[in-house]
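Thanks for asking me to look this over with you. Here are my notes, as numbered points to read with the model open beside you.

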Amino acid sequence: PPGHADAGDTSIPSPVPFLSSNAAAVTAAVANSESSHWSPAHSSAIYRIDEWGAPYFSVNSSGNVVVRPYGTGSLAHQEIDLLKIVKKVSDPKSAGGLGLRLPVIVRLPDVLKNRVESLHSAFESAIQAQCYESHYQGVYPVKCNQDKLVAEDIVKFGAPFRFGLEAGSKPELLLAMSCLCKGNPEALLVCNGFKDAEYVSLALIAKKLALNTVIVLEQEEEVNLVIDLSNKLSVRPVIGVRAKLRTKHSGHFGSTSGEKGKFGLTTTQILRVVKKLQDSGMLDCLQLLHFHIGSQIPSTALLQDGVVEATQIYSELVRLGACMKVIDIGGGLGIDYDGSKSGNSDLSVSYGLEEYASAVVNAIRIICDRKSIKHPIICSESGRAIVSHHSILIFEAISATVNTPAMNQIDLPLIIEGLSEDARCDYWHLSDAAMRHENETCLLYADQLKQRCVEQFIEGSLRIEQLAYVDGLFDLVSKVIGAAEPARIYNVNLSIFTSIPDFWSIGQVFPIVPIHRLDEKPEVRGVLSDLTCDSDGKIDKFIGGETSLLLHELEGNHGGAHGRYYLGMFLGGAYQEALGGVHNLFGGPNVVSVLQSDGPQSFAVTRVVPGPSCADVLRMMQHEPELMFETLKHRAEEFHVEDHDNDGTNYATLISSLARSFHNMPYLKALSPCSYEEVHNAAAEFGASEDEQWSYCYA
């Protein structure tokens with residue numbers, strides 16, 4: 001507390017340091033003692049890594065996040081250290097690295113393969129356990145992630161299980177057709193989405209190419225297109241109908257289900273479609289029933305309700321004479337983003353793969369047995385559950401706001417000078433409250449004093465030095481009475497709009513964790529602010545309902561050696577890349593594919609796709625970088641940039657620097673504090689031979 005005034009002294013008591021150096025030393029010692037006993041297990045617990053990350057992510061003894069590429073079947077020596085991947089990716093080529101800038105998406109095909117195998121295994125186990133008399137064969141909805149290698153890998157990994165693809169547009173259909181030419185001939189090609197004559201014709205061509213194609217009717221009028229075009233092309237199609245179920249869930253992702261859902265046919269429309277097919281002699285072509293309750297189905301109870309309703313419709317179609325063979329339960333297999341195993345949240349689900357598969361098989365079997373109907377092939381469109389785990393976005397915190405250091409001494413005359421009478425009274429009351437140890441009253445008068453001073457400053461009657469001292473006094477009072485410090489802002493080398501669009505658009509929360517230093521105690525509460533000039537470009541909601549994230553102090557922020565601080569966003573393999581835009585002309589990040597290997601690092605980078613350069617993102621907005629460069633070059637000539645300017649920059653270096661700016665990515669390049677000469681060397685590097693330059697591809 002402030003020092004007490006001597007008896008009879010009527011002057012304003014001068015504040016003395018609220019926190020003695022001895023007390024500060026004790027506090028630091030306690031913190032150091034706690035930190036010395038901190039273990040990676042503590043970090044794993046506070047970030048819930050074992051809950052949302054199992055069985056693919058954990059923390060090793062060095063405090064780094066590791067990938068277990070084969071899930072529960074991974075051996076200790078097969079674990080992949082994410083920090084080592086970052087080092088390989090970001091180290092210069094001269095040091096054996098790839099010379100790429102962060103952010104980077106790390107794809108893990110081993111994890112992708114394990115997800116496909118695990119999903120199939122869960123259904124096969126349920127089928128055997130319940131004596132189900134058909135089989136499961138899933139399809140991957142390519143809208144979740146249309147990346148070439150992702151689609152091709154799923155077809156390759158799923159070939160032993162007849163795993164197919166689902167398309168919802170014409171370009172997706174072309175993609176799926178091409179990929180499935182190398183897949184299992186029995187794999188399904190499910191054609192969903194709104195259709196015109198071109199879409200239907202393309203699907204019929206796929207059928208002619210001996211692909212196992214099913215045209216799913218989303219709108220009643222589509223049946224007319226299918227009948228007419230199949231006759232013209234002399235193709236006997238396989239047709240499915242999407243039923244608009246009454247069953248729906250109430251969460252955000254349930255809006256596409258229920259009677260008022262966007263897609264599907266009502267029972268009345270289904271009956272009219274059956275009649276049209278019957279009149280055309282094509283009722284035998286109707287072989288599949290599709291439905292979709294909504295993404296992130298929270299519980300198996302709701303799932304069973306939907307499957308039972310759909311199976312009843314399926315059995316009625318059989319009764320009406322359709323040659324039904326497949327029931328497609330759509331998507332909805334959820335991901336536990338926050339590790340809570342809750343059935344009451346859009347961020348979690350209360351079941352695993354085995355429970356999901358068992359509920360589906362059980363519901364279909366019971367209805368079919370009751371109706372004496374042959375068990376259908378079970379198909380699902382589980383995109384989110386397949387691809388979410390295999391992709392990790394890694395980015396760097398490049399700086400952080402530093403809370404104003406506590407003021408050990410306050411310049412009382414400078415504070416008092418020029419204060420209004422009301423502000424002086426606030427200071428008196430603050431001092432009196434401090435003497436009486438009335439913490440809440442202290443904070444009240446400190447805040448009131450600060451607000452009055454802000455008003456005076458805006459009026460022009462207070463100098464900036466005085467305002468700064470009052471701010472310092474307020475921070476000091478807040479610290480001493482134990483008021484919670486505001487979350488600090490960690491500036492990250494990332495565009496949220498490009499790389500995590502679901503966060504700002506629908507409030508989707510993903511696990512975000514430091515990928516290293518987890519053997520140290522994180523003691524800073526922070527929010528993440530991206531590079532864009534947009535107030536929405538921040539992450540201030542995290543798993544567990546938190547509005548800030550526990551982070552470590554940046555080493556450069558407290559006088560230590562310069563060090564990088566890397567964060568990972570997990571479970572983002574679905575939708576984020578497809579939905580990301582180019583706000584502020586930040587394109588997509590670099591992408592690397594990493595496979596487990598038996599080498600010393602336990603991994604190998606098998607593919608690199610550099611992110612779009614500045615020139616690439618400019619082209620996306622119809623600019624012509626080559627002409628822009630020529631314009632700037634002529635500008636330099638017009639303004640007579642001499643061969644050597646006063647700062648030593650010559651004309652050739654200036655032009656080369658401009659060219660390199662077009663060539664580089666939009667994201668910041670991290671420099672060590674003493675490496676500013678790299679800026680001057682950049683132009684020389686630009687002259688490297690062409691075989692050393694990356695060939696950029698569009699996002």
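1. Let's begin with β20 (residues 590-596) and β21 (residues 603-609), which pair in the antiparallel sense over six bridges. If you want a spot to check the register, V592 has V608 in β21 as its bridge partner. The hairpin these strands form has six residues between them, and there S602 takes a positive phi near 70°. Please keep in mind throughout that this is a predicted model.

2. Next, have a look at β14 (residues 488-492), a strand with two distinct faces. R488, Y490 and V492 make up its covered face, while I489 and N491 lie on the uncovered one. Why might neighbours along a strand be split in this way? In a regular strand the side chains alternate between the two faces of the sheet.

3. Which strands pair with β14? One is β13 (residues 391-400), which pairs with β14 in the antiparallel sense over three bridges; here A400 stands opposite Y490. Another is β16 (residues 524-529), which runs parallel to β14 and is joined to it by four bridges. In that pairing, I489 stands opposite V527 of β16.

4. A further sheet worth your time is an open one of three strands, in the order β1-β2-β3, with antiparallel pairing. Its edge strands are β1 (57-59) and β3 (80-81), each pairing on one side only. Three bridges join β1 to β2 (residues 65-67), and the two run antiparallel. Among the residues involved, F57 has V67 in β2 as its bridge partner.

5. Now for a helix. α9 (residues 222-233) has twelve residues and reaches 16 Å from its first C-alpha to its last, close to the 16 Å expected at 1.5 Å a residue. Just after α9, S234 takes a positive phi of about 55°.

6. Which residues of α9 are buried? They are E222, V223, V226, I227, L229 and S230. The cover over these buried residues includes two helices, α8 (197-208) and α10 (267-279), along with the strands β8 (212-217) and β9 (239-242).

7. Finally, a look at the surface. F457, I458 and I464 make a nonpolar patch of about 320 Å². F457 is found in helix α16 (residues 439-459). Why can F457 count towards such a patch? Patch residues need over 30% relative accessible area, and F457 is partly exposed because its relative accessible area is 34%.

Note on methods. Residues are numbered from 1 along each chain as its sequence is written. This is a predicted model: local features need pLDDT of at least 70, side-chain atom pairs count only at pLDDT 80 or more; totals for chains, interfaces and linings use all residues. Side-chain values use heavy atoms; hydrogens and water are left out. Two strands pair if DSSP finds at least two bridges between them. Patches are made of residues with over 30% relative accessible area and no salt bridge: like charges are joined within 9 Å, nonpolar side chains (Val, Leu, Ile, Met, Phe, Trp, Tyr) within 5 Å. Accessible areas come from the Shrake-Rupley method with a 1.4 Å probe; for residues, only the protein chains shown count as cover. A salt bridge is a side-chain nitrogen of Lys or Arg within 4 Å of a carboxyl oxygen of Asp or Glu. Buried means under 20% relative accessible area, exposed over 50%, partly exposed in between (1.4 Å probe, protein chains only). The expected span of a helix is 1.5 Å times one less than its number of residues. Contact means heavy atoms within 4.5 Å.
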